[in-house]
Amino acid sequence: MGTAEFNNTKKELVGWIQSLTDDSILSLLSSVKLSSEGKSIDWWEELTESDRVNILSGIRDYQQGETMKSNEFWNGLTNG
């Protein structure tokens, strides 16, 4: 990426960030910033209880072999 393109991208991102109203996106961007500064917090602690339950449920499903291959998933969507 050239210097002009880099600066243009930065300006676009700043404008986009200033227009954001979604707290979850702002929180994600803040986490990225902290991480890039070496001040990362434990992302698990930032999750809602519902998010944690869903992640742990997905891990349990995987461990119990209750998964499908991605082509099975996509074929199911395509063929309804």
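Let's start at one residue: Thr21 counts as exposed, at 73% relative accessibility. Here, buried means under 20% relative accessible area, exposed means over 50%, and partly exposed is in between (1.4 Å probe, protein chains only). Thr21 sits in the loop between helix H1 (3–19) and helix H2 (23–36). Before going on, keep in mind that this is a predicted model, where local features need pLDDT of at least 70, side-chain atom pairs count only at pLDDT 80 or more, and totals for chains, interfaces and linings use all residues. Residues are numbered from 1 along each chain as its sequence is written, and side-chain values use heavy atoms, with hydrogens and water left out.

Now zoom out to the whole chain. What does the secondary structure come to? There are five helices and zero strands, and reading along the sequence gives the pattern α-α-α-α-α. The chain is more spread out than a compact globule, because its radius of gyration is 19 Å, well over the 12 Å that the globule rule gives for 80 residues. Helices (H or I, at least four residues) and strands (E, at least two) are DSSP runs, numbered from the N terminus. The radius of gyration is taken over C-alpha atoms, and the globule rule is 2.2 Å times the number of residues to the power 0.38.

You can also picture the overall dimensions: the C-alpha trace spans about 50 × 35 × 25 Å along its principal axes. Back at Thr21, try looking across to Asp61. These two are 40 residues apart along the chain, and their C-alpha atoms are separated by 35 Å.

How much of the chain is buried? Of its 80 residues, 2% count as buried. The chain exposes about 7100 Å², and carbon and sulfur atoms supply 55% of that; accessible areas come from the Shrake-Rupley method with a 1.4 Å probe, and for residues only the protein chains shown count as cover.

Next come the charges. The chain has 7 positive and 13 negative side chains, and the centres of the two sets lie 8 Å apart. Lys and Arg count as positive and Asp and Glu as negative, while His and the chain ends are not counted. The place of a charge is taken as NZ of Lys, CZ of Arg, CG of Asp or CD of Glu.

How many salt bridges does the count come to? It comes to three, where a salt bridge is a side-chain nitrogen of Lys or Arg within 4 Å of a carboxyl oxygen of Asp or Glu. One of them joins the side chains of Glu37 and Lys33, at 2.8 Å from N to O. Lys33 has its place in helix H2 and is partly exposed at 48% relative accessibility. Glu37 is partly exposed too, with a relative accessible area of 37%. From Lys33 you can also look towards Asp51, 18 residues further apart along the chain, with 22 Å between the C-alpha atoms.

Then there's Arg52, which is buried, with a relative accessible area of 18%. Its side chain meets that of Glu45 in a salt bridge of 3.9 Å, N to O. Arg52 also forms a salt bridge with Glu49, where the closest N and O atoms are 3.8 Å apart. Both Arg52 and Glu49 lie in helix H4 (residues 49–63), three residues apart, about one turn of the helix. Put together, Glu45, Glu49 and Arg52 are linked in a network of salt bridges. Unlike buried Arg52, Glu45 is exposed at 51% and Glu49 is exposed at 53% relative accessibility.

Last stop: the aromatic rings. The count comes to one aromatic pair. Phe73 and Trp74 form this pair, edge-to-face, at 5.0 Å centre to centre and 80 degrees between the planes. Rings of Phe, Tyr and Trp (its six-membered ring) pair if their centres lie within 6.5 Å; planes under 30 degrees apart count as stacked, over 60 as edge-to-face and the rest as tilted. Phe73 is partly exposed, with a relative accessible area of 40%, while Trp74 is exposed at 53%.
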